[in-house]
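Biologist: I am new to this structure. Please take one part, the empty space shut inside the protein, and walk me through it closely. Then show me a little of what lies elsewhere.

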Amino acid sequence: MSNLVILESPSKAKTVKKYLGVGYDVMASTGHIIDLPKSKLGVDVDNNFEPQYVNMKDKSDIIKELKKRAKAADIVYLATDPDREGEAIAWHLSHLLNIDEKAPVRVTFNEITKTGVQYGMSHPRTIDIDTVNAQQTRRILDRIVGYKLSPFLWKKVRRGLSAGRVQSVAVRIIVDREEEIRAFKTTEYWSIDAKLSAAASKKPFPAKLAEVNGEKAQIGNKEQANAILKGLENAEFIVTNLKKSQRKKQPAPPFTTSTLQQEASRKLSFQARRTMKAAQELYEGIDIDGIGSVGLITYMRTDSLRISDEAKTAAAELIKTTYGAEYLPEKPRVFKSKNNAQDAHEAIRPTNIELTPAKVKGSLSSDQYKLYKLIWERFMASQMANAIMDTVSVDITAANCLFKAGGYSVRFDGFTKLYEESKDGEEQGGALPKITNGEKLKCEELLGNQHFTQPPARYNEASLIKALEENGIGRPSTYAPTISTILDRHYVDRETGNQLKPTALGEVITQLLKDKFNNIVDVKFTAKMESDLDSVEKGNTDWVEMLRKFYGGFAKELEKAEKDMDGKHLKVPDEMTDIKCEQCGKPMVIKIGPYGKFLGCSGFPDCKFTKKIVTEANGFCPKCGSKMLLKKSKKGKPYYGCEDFKTCNYMTWDMPLEEKCPQCGSSLFKKSGKLGKIYCAKEGCGYERPLDDKK
């Protein structure tokens, strides 16, 4: 008997083939094989929004091979990814290969391990048409918005622009924050800070002024601060209240897609796209020395916090043997998922707890190892006992003022022995010296410190993903591509410190959409649509009716906007620079073309001089000694090239460093990846060392 199993990824197909063995043929569709046409809308809005699917031209060879193998097989199993998109691909495959969509041939793998694959194959089901309808509704919504709005933007702003349903809301969130920052009024305020010492210890500890004459201390200027300081001259600092307590600190839950992307951004400085690439590889299967190809983590697109009993038991056993029974909680932890979570999958966790990061490090690339270590430690910590902190809070009276101090000491480290969530930050203070009620403290220092209120911070990838999730915008699989899209289309720039700042183009488009298509960029409206899509998936909402309600209002808005904007064209302000035009001497401005940003003369059209924007990198060219520049390939991949590229054609994908070669004095380069190293590129030198070695 011959069975064909169709997955999406060639890497996953290789791993699954190993577990299925003889009697099974395994092939990858490499993603979608059928989609809406690129050249037209492809949706009949007058006929119940009937999608006009076509075979993808670049998949013709794969389609031919799929048909050939399916014809030779007794049973064809559709094992595409276990999410909405995977369900839709399985549905398309069933039509392409003439498989009855009600036949029990749909299988899913939450983890690519022997157990996971065998479980999936032994529990085939029919295609979930409600899930398919939810996915194709999303696809049709996005197509309608993109194909109807983009031509409008071409006419009214600039050719080549595009609008997207989720991306437009993401840009609006960033634009709104920028407007908050601009409107923010800085306010001066002062604090009074003391350094006090107790009889039991000469080491001073900090205390802050909390109250003056029984009311909260609010000091607006230097004069007020000086008046309080003068009143405290020669004052006695006496402990009037001492409170000791104990606080339990719980571990963070295991990762969902969103929290994984946020934590990888904070801890590893990974962009969302980089995180999901490494996670996909870990899920699909890695060749581990002595084991073979195995999926190291469960499915990485999930918003559930559910953990299987088997995984909890395995984690408990390892915690007990590695750290001791005291590091186990009284009973296994249960983390509650959000109300709108799709609970089809578990949280992201290691598939085999015994495969510690140290055991698999030699088989993983640098990114794979860092992410696997993060996932492994986060999951293990989530199953460990609470940390227990002894806390002390102290009230100190001086004249008419009340100062407060606080501190803590760790009684039991619990889960923090292994992992702490970055956003929790560091505990303020530390252990206070031994202090008694009524004790007179010595004031070592008393200062008034000036401060200014700060505007809200710009979003970075982590905080934007958190905002999208909290507002119900998009699903776990959409965060990374959404951020990539708004950056690639130059609606948003990545500033120093990974801050996301809207461009002039992004602000102009957002304002236009707010004025003419407010629902498209309205956070609550978009969140309601996500909720409606969930309802479609549950079979509670008719997908055609949902599209009809949306399109009716959208079509009217588009018609009105066309009339209101007839003959009008919006200009995107140019960003001025200090760079002078080499031909006429006028300032150069930053412009955006089809291939990204470039410098153009502000005297255009009288002067048409342009030049590329270059970013200097660390280090110098190993061939001619000129400065190295950071550049991008046609596909957007960063590389490094010599500043004098016309006469010296040196380029490399490896990052130049400030550090000099200890042998010849040339700049060193960093090669990342599984075979990563620090090396000298100077011809004939040969110096190199492993990445994790110090000088």
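Modeller: Start with the lining of the largest cavity. Ser162, Ala163, Gln167, Ser168, Val171, Tyr491, Gly506, Ile509, Thr510 and Leu513 line it. Keep in mind that this is a predicted model. The volume of this largest cavity is about 60 Å³.

Which helices build its wall? Helix 6 (165-183) and helix 15 (504-516) each give at least two residues to the lining. Helix 15 has the largest share, with four residues. By character, the lining of the largest cavity splits evenly: five residues are nonpolar and five are polar. None is charged.

Why look for such spaces with a probe? Rolling a probe the size of a water molecule over the atoms shows where empty space is left. Here the count is three cavities of 30 Å³ or more.

Now take the second largest cavity. Its volume is about 40 Å³. Around it stand Ser265, Ser269, Phe270, Gln271, Glu461, Arg494 and Asn498. This lining does include charge: two residues are charged, four are polar and one is nonpolar.

Next, the elements elsewhere. Helix 3 covers residues 84-96. Is helix 3 enclosed or not? It is largely enclosed by the rest of the structure, because 11 of its 13 residues are buried. Among the buried residues are Arg84, Glu87, Trp91 and His92. Ala88, Ile89, Ala90 and Leu93 are buried too. The length of helix 3 also checks out. At 1.5 Å a residue, its 13 residues should span 18 Å, and its end C-alpha atoms are 18 Å apart, so the two agree. After helix 3 comes Asn98, with a positive phi near 55 degrees.

Last, a sheet. Strands of a sheet pair through backbone hydrogen bonds, either parallel or antiparallel. This one is an open sheet of four strands in the order 19-20-21-22, and its pairing is antiparallel. Strand 19 (575-580) and strand 22 (610-612) stand at the edges. Each has a single partner strand, so one side of each is left without a neighbour in the sheet. From one strand to the next, the twist averages 40 degrees.

Look at one pair in detail. Strand 19 meets strand 20 (residues 587-593) in the antiparallel sense, over three bridges. Within this pair, Met576 stands opposite Val589 in strand 20.

Technical notes. Residues numbered from 1 in each chain as written. Predicted model: local features only at pLDDT ≥ 70, side-chain atom pairs only at ≥ 80, totals over all residues. Heavy atoms only, no water. Pairing = 2+ DSSP bridges. Axes fitted to C-alpha atoms, helices over the stretch in contact; angles between N-to-C directions. Expected span 1.5 Å × (residues − 1). Buried < 20%, exposed > 50% of the residue type's maximum accessible area, 1.4 Å probe, protein only. 1 Å grid on protein atoms, 1.4 Å probe; cavity = no way out; pocket = protein on both sides within 12 Å on 5 of 7 lines; lining within 4 Å. Points joined across faces, edges and corners; volume = space filled by probe spheres on them. Nonpolar A, V, L, I, M, F, W, Y, C, P; charged D, E, K, R; others polar.
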